[in-house]
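User: Can you walk me through this one? Keep it simple, please.
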Amino acid sequence: MAAVRTSSEITFNRVAIVAVLLVTIIFLAPIYWIASTAFKPRNLATTIPPTVVFQPEISPFVKLFTKRSQLRSPPSPEEYAAAPWWERVVFNGGEKIVRDGKGQVQWSGYPSRFMNSLIVAITSTVLAVGMGTFTAYGFSRFKVKGEADLLFFILSTRMLPPVVVAIPMFLMYRAVGLNDSHVGLIILYTAFNLSFSVWLMKGFMDEIPKEYEEAALVDGYTRMEAFFKIVLPEAATGIAATAVFCFITAWNEYAFALIMTSRRAQTAPPFIPSQVGAGLPDWTVIAAGTFLFLLPVAIFTFLLRNHLLRGMSFGAIRK
Amino acid sequence: MATTMITTLDRSSRAAARGLSDISIRNLFIIPTILFLIVFNIFPLIYSLGYSFTDFRASTSAAANFVGLQNYRDLLSDPYVWSNFAITAKYVIISVAGQLLVGFGVAMLLNRDIPLKGLLTTLLLLPMMLSMAVVGLFWKLLYDPSFGIINYALGLGTFEWLSDPKMALYAVALTDIWMWSPFVMLLSLAGLSAVPKHLYEAAAIDRAGPFYTFFRITLPLVAPILMIAVIFRTMEAFKTFDLAYILTSQPTAELISIRLYKMAFQEWQTGRSCALAYIVLIMVLAITNIYVKYLNKVKER
């Protein structure tokens with residue numbers, strides 16, 4: 001096909017390339033808008049026509065991390081001069097940072113929610129990938145009675161709608177005091193990701209030639225030693241890719257977090273929308289929170305780019 | 001030859017004498033996972049099956065009374081619930097059809113030699129990796145009638161996307177199409193790149209037109225993988241909660257999972273919501289079954 005090229009084909013190719021560029025720009029526009037709003041002064045966030053060129057500011061991030069109140073009167077020149085740069089930025093926007101009796105800066109709810117997201121996502125990922133790797137090896141290497149049914153069972157647990165599982169889990173957690181706790185959320189996310197991790201890891205395990213371990217067994221390794229010393233290093237890329245997928249799923253999860261947590265263990269996804277309360281929300285602060293929250297996922301997506309297909313199809317389609 | 005050697009070794013006492021036997025390792029590796037899933041996924045479902053036959057309300061301390069199939073009867077004869085299912089069906093059709101068109105279309109465009117193709121593909125995939133809830137929230141600003149960039153870019157004045165009852169569901173579907181078209185694109189690209197080049201060469205020799213080539217070669221060969229994308233997206237769209245819940249509170253956009261959430265955690269009709277959860281569950285399992293059958297079929301190729 002490529003050998004014979006008519007001029008109409010070449011023109012069509014050029015049109016297609018321009019179309020692809022246009023589509024990419026349209027698809028990335030909302031993400032660009034989040035990123036740019038995160039660095040805007042508040043009065044430029046909601047203008048018509050939209051503000052595209054502006055002097056970037058760090059104030060949305062300062063406001064994101066601190067508790068603030070409206071300034072009734074502008075600060076005195078001495079007060080302004082004595083304030084550190086991050087406090088002046090807030091003064092400039094007509095607000096002041098709330099301090100307690102000892103003059104300590106009061107944090108907003110965001111840092112603790114971000115930490116909760118990290119704790120819950122990392123712990124559940126380690127558990128799900130750890131258990132999933134063992135189980136995948138078991139399914140990949142040994143005869144298991146009713147293997148197809150077991151694997152379907154494992155997959156079907158992942159397909160349950162979160163709200164359906166959340167109703168009984170909420171009642172059970174309430175009975176044992178796990179509501180609004182890190183442990184409760186970690187268990188839910190581990191269960192949710194475990195099935196995914198088994199399916200994906202099984203694909204990776206199937207690709208490691210059996211002969212490697214068999215050679216090791218002949219050399220006097222036990223099966224366990226062969227698993228830890230031969231199979232695991234071979235599966236390292238697969239484990240890393242699976243882990244990143246599990247992390248992203250847990251990091252992004254909303255419904256369970258909304259239902260199961262309220263304050264102490266609340267993660268960022270239910271917290272960020274709760275900031276849009278009554279009145280006019282400060283979109284620069286929301287954009288800053290969103291931007292920080294999306295950043296790890298954007299980086300991971302880039303690192304994962306060669307495994308995305310596999311991960312999104314539960315390991316069914318390999319390149 | 002090596003394999004036969006191993007089997008003899010395994011059977012003999014040598015391998016078994018060293019460390020655990022294969023069977024105990026298999027059990028050790030598999031059983032904890034199965035148990036974990038039973039305890040945290042199946043047990044809760046049995047628990048809620050029990051509640052679905054009662055008038056239990058989690059907000060009161062009153063004991064649950066057994067009401068038999070009353071909850072199921074009420075739900076299935078409730079026009080309100082049926083309208084939630086109808087809205088969900090409409091949403092699934094619009095958003096999956098949109099994703100199929102956009103995703104497959106972009107994949108067709110991308111399926112050629114393009115400078116920086118890898119980078120463009122990765123950038124296009126970004127939306128589907130992001131949090132639906134958090135990005136969905138930001139779409140509220142994009143859709144804003146007075147200062148949203150969408151109305152500005154399209155010259156729509158103060159068009160109400162989310163607060164117009166007729167428009168809200170389409171607006172949610174549009175955001176979903178933005179998020180998930182990349183998924184269909186990704187799978188389509190894999191399907192397209194797997195079509196053997198010699199088929200196109202043969203078609204070119206036979207002077208087949210582009211339409212004939214597309215409908216007789218490309219589409220039939222990509223169809224199974226597109227089918228996977230469609231079933232998977234159907235299942236996910238059916239379960240949609242985050243996006244619709246965050247973007248709008250219009251009753252015309254109240255998907256079944258939102259109804260379920262409200263019934264369970266705002267109206268506290270725990271028993272009845274358990275029954276509704278079971279109706280939804282059976283539907284999801286049916287779609288999952290079709291999906292897995294298809295996955296296995298494609299895997300075998």
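Analyst: Start with a definition: helices (H or I, at least four residues) and strands (E, at least two) are DSSP runs, numbered from the N terminus. By that rule, P49(A) sits in the loop between α1 and α2 (59-65) of chain A.

User: Where does this come from, and how do I read the labels?
Analyst: It is a predicted model, where local features need pLDDT of at least 70, side-chain atom pairs count only at pLDDT 80 or more, and totals for chains, interfaces and linings use all residues. Residues are numbered from 1 along each chain as its sequence is written, while chains are lettered from A and ligands numbered from 1 in the order in which they are written.

User: Back to P49(A). What kind of peptide bond joins it to I48(A)?
Analyst: A cis one, with omega at about -5 degrees. Most peptide bonds are trans.

User: How many helices and strands are there in chain A?
Analyst: Chain A has 15 helices and two strands. Its radius of gyration (taken over C-alpha atoms) is 26 Å, well over the 20 Å that the globule rule gives for 319 residues, so chain A is more spread out than a compact globule. That rule is 2.2 Å times the number of residues to the power 0.38. The C-alpha trace spans about 80 × 70 × 40 Å along its principal axes.

User: What domains is chain A divided into?
Analyst: Domain 1 (67-106) and domain 2 (110-312). The bounds come from an automatic or database domain assignment. Taken over C-alpha atoms, the centres of these domains of chain A are 42 Å apart.

User: How many residues does each chain put into the contact?
Analyst: Chain A gives 82 residues and chain B gives 83. Helix α1 (residues 7-37) of chain A supplies the largest share of chain A's side, 13 residues. Two residues are in contact if their C-beta atoms, placed from the backbone, lie within 7 Å.

User: Which classes make up chain A's side?
Analyst: There are 63 nonpolar, 14 polar and five charged residues on it. Ala, Val, Leu, Ile, Met, Phe, Trp, Tyr, Cys and Pro count as nonpolar, Asp, Glu, Lys and Arg as charged, and the others, Gly among them, as polar.

User: Show me one residue that touches the other chain. What about P168(A)?
Analyst: Leaving aside neighbours within four places in sequence, P168(A) is in contact with P44(B), L45(B), Y47(B) and S48(B). P168(A) belongs to helix α7 (residues 162-176) of chain A.

User: Is P168(A) buried or exposed?
Analyst: Buried, because 22 other C-beta atoms lie within 10 Å. The cut-offs: 20 or more other C-beta atoms within 10 Å is buried, 12 or fewer is exposed, and in between is partly exposed, with C-beta atoms placed from the backbone. In chain A, 44% of the 319 residues are buried.

User: New topic. Which residues in chain B have odd angles?
Analyst: R207(B) is one of them, with phi near 55 degrees, a positive value in a residue other than glycine. It lies in the loop between α10 (197-205) and α11 (210-239) of chain B. Phi of W268(B) is also near 55 degrees. W268(B) is in the loop between α13 (256-265) and α14 (270-300) of chain B. Most residues other than glycine have a negative phi.

User: How buried or exposed are R207(B) and W268(B)?
Analyst: R207(B) counts as exposed, because it has 7 C-beta neighbours inside 10 Å. W268(B) has 14, so it counts as partly exposed.
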